[in-house]
Amino acid sequence: MKSLSDLSLSGKRVLVRVDFNVPLEDGRITDDTRVRAALPTIQALLDAGGQPILMSHLGRPKSGPEPQFSLRPVAEHLDTLVEAPVVFCEATVGEAAQACIDEAPDGAVVLLENTRFLEGETKNDPDLARQMAALGDAFVSDAFGSVHRAHASTEGVAHHVADKAAGSLLEREVAFLTRALDEPERPFVAILGGAKVSDKIGVIEALIDKVDQLLIGGAMAYTFLAGLGHKTGNSLVEEDRVDEAYRLYERAGDKLTLPLDHIVADRFAEDAETQIVTGEIPDDWMGLDIGPATREQYANVIENAATVIWNGPMGVFEMDPFAEGTRAVAQAMATASADNEALTVVGGGDSVAAINEAGLAEAVTHVSTGGGAMLEFMEGQTLPGLTALDA
Ligand code: AMP
């Protein structure tokens with residue numbers, strides 16, 4: 001994969017696929033992490049005398065342009081973060097986009113409208129990819145969160161541009177994950193949580209052979225516990241995955257650790273009645289977080305690790321009474337980094353939100369901007385947006 005430094009950028013229009021898929025509420029960006037994450041590449045292009053022409057998707061518009069998914073507010077926000085002027089184009093490709101780019105002042109950053117306003121984007125339509133490619137002299141991919149998708153702006157476009165490279169964010173993401181997965185300092189610990197085992201079976205299979213310890217939390221733990229014949233009460237269990245979870249557990253031997261105790265609730269609500277239970281979960285109660293003994297055990301394993309990868313919350317962290325387990329993992333990762341100089345990598349929207357909320361984003365080695373992409377990378381799958389950069 002080429003880097004920005006491999007391209008000649010001076011005087012060139014550089015089409016950059018960024019990931020500006022930010023959360024918006026009433027047209028206001030509630031978390032600008034992804035916009036900030038793209039700044040090093042944008043600045044590097046400007047410093048080298050290139051003109052960044054940015055494109056991104058935002059949300060999931062159903063058919064054609066929908067005003068609530070316009071990237072205009074992102075352009076306005078970007079304008080406050082970079083010194084160069086930012087020009088927003090209401091078109092994504094074609095003559096109108098070309099005219100907008102031509103009219104932009106020298107040294108400006110251009111942001112094109114949402115790629116998903118065009119039907120061909122998610123279908124990876126070659127014609128659309130060609131139209132995108134026509135807007136730049138070179139192509140840079142910096143959208144790690146989207147490289148697992150073969151869309152026109154993430155994959156197709158790269159086939160129509162000779163000069164292409166990874167941006168600095170993409171390079172950093174790939175470098176940290178590769179270091180952790182291919183040459184981990186040991187002990188190497190992975191923590192997986194979240195709602196569903198079914199989303200993470202491939203990752204668990206791939207990680208079992210690589211890690212020293214795999215700590216499981218979140219609702220997915222209950223599918224495992226059900227597979228082992230434990231009582232799980234009203235906890236979220238994927239019935240059709242129980243046998244598969246059991247097989248994975250058997251295969252992993254003592255590498256895979258499940259929660260010993262749980263915070264259980266009488267209903268799925270912030271103000272539910274709660275209690276701590278060890279072992280079996282009584283009928284009518286549901287496990288919504290790992291319990292204090294598990295918290296301590298997991299924190300201890302993480303704090304003694306040299307390499308840690310985490311994806312997925314340990315409980316329903318959106319509700320305060322069930323957030324302690326997730327917070328404990330975030331804190332333990334920060335401690336591992338500070339005390340052991342451990343390589344600590346966090347990914348997935350929920351885990352990243354939790355680490356940000358705890359004010360610990362700076363205390364871990366790397367906060368990934370990719371959720372699905374990180375999981376697929378960990379599974380060892382080829383990511384189309386990365387492969388296309390080499391084609
Ligand atoms: P995922 O998208 O699979 O990473 O799952 C994230 C979601 O799982 C979050 O919204 C959590 O609230 C939810 N979650 C985590 N633990 C539990 C649990 N024990 N019961 C129900 N939902 C959970």
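A residue counts as near the ligand if one of its heavy atoms lies within 4 Å of it. Keep that cut-off in mind for this tour of a predicted model.

**Stop one: the ligand shell.** Select the ligand and the 16 residues around it. Ala 195, Gly 287, Gly 315, Glu 318 and Asp 350 come nearest. Now color the shell by residue class. You get 7 nonpolar, 4 polar and 5 charged residues.

**Stop two: the polar contacts.** Select Glu 318. One of its polar side-chain atoms lies 2.5 Å from a ligand oxygen. Move to Ala 195. Here a polar backbone atom is 2.9 Å from an oxygen atom of the ligand. Go on to Ala 219. A polar backbone atom of Ala 219 is 3.2 Å from a ligand nitrogen. Next, put a surface on the ligand. Taken alone, the ligand exposes 510 Å², and the protein buries 79% of that.

**Stop three: the pocket.** Show the protein surface around the ligand. The ligand sits in the second largest pocket.

**Stop four: the sheet.** Switch to cartoon and find the open sheet of 6 strands. Read across in the order 11-10-9-15-16-17; the pairing is parallel. Where are the edges? Select 256-257 for strand 11 and 366-367 for strand 17. Each of these edge strands pairs on one side only.

**Stop five: one strand pair.** Select residues 213-216, which form strand 10. Strand 10 pairs with strand 11 in the parallel sense, over 2 bridges. Which residue of strand 11 stands opposite Leu 215? Select Thr 257 to see the partner of Leu 215 across the pair. Strands of a sheet pair through backbone hydrogen bonds, either parallel or antiparallel.

Note on methods. Residues are numbered from 1 along each chain as its sequence is written. This is a predicted model: local features need pLDDT of at least 70, side-chain atom pairs count only at pLDDT 80 or more; totals for chains, interfaces and linings use all residues. Side-chain values use heavy atoms; hydrogens and water are left out. A polar contact is a pair of N or O atoms within 3.5 Å; within protein, one must be able to donate a hydrogen and the other to accept it, and residues adjacent in sequence count only if both atoms are side-chain atoms. Accessible areas come from the Shrake-Rupley method with a 1.4 Å probe; for residues, only the protein chains shown count as cover. On a 1 Å grid over the protein atoms alone, a cavity is a set of points where a 1.4 Å probe fits but cannot get out, and a pocket is an open set with protein on both sides within 12 Å along at least five of seven lines; lining residues have an atom within 4 Å of a point. A molecule sits in a cavity or pocket if more than half of its atoms lie within 2 Å of its grid points. Ala, Val, Leu, Ile, Met, Phe, Trp, Tyr, Cys and Pro count as nonpolar, Asp, Glu, Lys and Arg as charged, and the others, Gly among them, as polar. Two strands pair if DSSP finds at least two bridges between them. Helices (H or I, at least four residues) and strands (E, at least two) are DSSP runs, numbered from the N terminus.
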